[in-house]
Amino acid sequence: MSADPLHRAGTPQRSTTSQPPSGPRASAIEVRRSARRRRTVSAYREGDRTIVLIPARMSEAEEQRWVSVMLDKLAAQESRRVPGDAELAERAERLSAQCFGGRARPASVRWVTNQNTRWGSCTPAEGSIRLSHRLKGMPEYVIDYVLAHELAHLLVPGHGPDFWRLLEAYPRTERARGYLEGVVAAERLPHLPAAGEE
């Protein structure tokens, strides 16, 4: 049984796709109306899209208001989940203690917005670790894996066998790598035009 409420009994009356807003909430927005939904409105992220579920009886004005409300709600939830630079440094210290006996000691750990082709980087000579802003909103175990990966580079600079043996200390390495590989694969999929874009 699909988790998508549209694939259960009852077909939505209408599904619309809006162009993405500008700013931090930017993503394609799909509004799904359902005759089964009476009062509640909900929203969730699905890849690069935001899905907003509303009752079929809502007017266009109510739809626009609720889309805005739900985008604000999702943004607030996501901002609470994303650690700042200070929290990243604390997580790095904790991971170093758990996985590497406290031997990996970065001088700085921070988010950056100029890494669009890799998830993180490390400069061992400076002891600096940088994580791509694209990780924000991903599961914590994925962020921790990238942190652990970069911490391991403070101890072993390259990607040789010693490095990978060291990284085995992080228990969710394979799961996190699979998640990141899935994200990269999804980014390569062709964009399917929404209704009315053809």
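**Exercise 1. Work out how helices α3 and α5 are set against each other in this predicted model.**

Step 1. Start with the axes. Those of α3 and α5 come within 9 Å and cross at roughly 105°.

Step 2. Classify the angle. Angles of 65 to 115 degrees count as roughly perpendicular. Therefore α3 and α5 are roughly perpendicular to each other.

Step 3. Find the residues that meet. From α3 come Tyr-141, Val-142, Tyr-145 and Val-146. From α5 come Thr-173, Arg-175, Ala-176, Arg-177, Tyr-179 and Leu-180.

Step 4. Sort this contact by class. It has seven nonpolar residues, one polar and two charged.

**Exercise 2. Describe the second largest pocket and its lining.**

Step 1. Take the volume. The second largest pocket holds about 330 Å³ of space.

Step 2. Look at the lining. It is made by 17 residues. Closest to the pocket centre are Arg-118, Trp-119, Gly-120, Tyr-145 and Leu-180.

Step 3. Link back to the helices. α3 and α5 (173–188) are the elements that give two or more residues to this lining. Tyr-145 in α3 and Leu-180 in α5 also belong to the contact of Exercise 1.

Step 4. Divide the lining by class. Five residues are nonpolar, six are polar and six are charged.

**Exercise 3. Lay out the sheet formed by β5, β6 and β7, then place the helices that pack on it.**

Step 1. Write the strand order. The three strands form an open sheet, β5-β7-β6, with mixed pairing.

Step 2. Find the edges. β5 (108–112) and β6 (120–123) each have a single partner strand, so one side of each is left without a neighbour in the sheet.

Step 3. Add the twist. From one strand to the next, it averages 20°.

Step 4. Examine one pair. β6 and β7 (residues 128–132) run antiparallel, joined by four bridges. Here Ser-121 stands opposite Arg-130 in β7.

Step 5. Place helix α2 (residues 85–100). It packs on the sheet and touches β5 and β7. Its direction makes about 130° with that of β5.

Step 6. Place helix α3 (residues 140–155). It also packs on the sheet, touching β5, β6 and β7. The direction of α3 makes about 150° with that of β7.

Note on methods:
Residues numbered from 1 in each chain as written. Predicted model: local features only at pLDDT ≥ 70, side-chain atom pairs only at ≥ 80, totals over all residues. Heavy atoms only, no water. Pairing = 2+ DSSP bridges. Axes fitted to C-alpha atoms, helices over the stretch in contact; angles between N-to-C directions. Contact = heavy atoms within 4.5 Å. 1 Å grid on protein atoms, 1.4 Å probe; cavity = no way out; pocket = protein on both sides within 12 Å on 5 of 7 lines; lining within 4 Å. Points joined across faces, edges and corners; volume = space filled by probe spheres on them. Nonpolar A, V, L, I, M, F, W, Y, C, P; charged D, E, K, R; others polar. Parallel < 35°, antiparallel > 145°, perpendicular 65-115°, else oblique.
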